[in-house]
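Biologist: Before I rely on any label attached to this protein, I would like to hear the reasoning that stands behind it. Could we take the terms one at a time?

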Amino acid sequence: VQLQASGGGLVQAGGSLRLSCAASERTFGNYVMGWFRQAPGKEREFVAVISQLSTTTAYADSVKGRVTISRDNAKNTVYLQMNSLKPEDTAVYYCAAGSLVTMRETAFRSWGPGTQVTVSS
């Protein structure tokens, strides 16, 4: 499945952004969807994951309470609502598709090109 993330940008600390990730396939609903991020000089890390029917979600401790993952299978899109953004949230954000509800990026087979989020202090 091909994925395209959008919605990144420059925001001040404390602000909000909503990332979207559109999938190319009508079988989007069959996939577990995840968001990951990679900050400059750091390894890519897990942010959030959502199961196929939105019954299960999980978040990294660093974003818990500030970030919400959701999906609209009719629109083949997964979202990441980010509130109370901090400078340490600055990273390239990637969406990914897989078959397991997991935090392990190796379990996700399809990746989008990423969207830059920059949070200024």
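Biologist: What percentage of the contacts in the protein with a separation of 6 or more is accounted for by residues 24 or more positions apart?

Modeller: In this predicted model, such residues account for 57% of those contacts, where a contact means heavy atoms within 4.5 Å.

Biologist: Which elements does the protein hold, helices or strands?

Modeller: The protein has 11 strands and zero helices, and the pattern along the sequence is accordingly β-β-β-β-β-β-β-β-β-β-β.

Biologist: Why is the protein called as compact as a globular protein of that length?

Modeller: The radius of gyration is 13 Å, and the globule rule gives 14 Å for 121 residues; the two values are close, so the description holds.

Biologist: How do you know that a disulfide joins Cys21 to Cys95?

Modeller: A pair of cysteine sulfur atoms counts as a disulfide within 2.5 Å, and the S to S distance between Cys21 and Cys95 is 2.0 Å, so the pair meets that cut-off. Cys21 belongs to strand 3 (residues 17-23) and Cys95 to strand 9 (residues 91-98), so the pair ties together parts that are 74 residues apart in sequence.

Biologist: What makes this disulfide right-handed?

Modeller: The torsion about the S-S bond of Cys21 and Cys95 is about 60°, and the disulfide is therefore right-handed.

Biologist: Why is Cys21 called buried, and why does Cys95 count as buried?

Modeller: Buried means under 20% relative accessible area; Cys21 has 0% and Cys95 also has 0%, so each falls under that cut-off.

How values were computed. Residues numbered from 1 in each chain as written. Predicted model: local features only at pLDDT ≥ 70, side-chain atom pairs only at ≥ 80, totals over all residues. Heavy atoms only, no water. Helix = DSSP H or I, 4+ residues; strand = E, 2+ residues; numbered from the N terminus. Rg over C-alpha atoms; globule rule 2.2 N^0.38 Å. Buried < 20%, exposed > 50% of the residue type's maximum accessible area, 1.4 Å probe, protein only.
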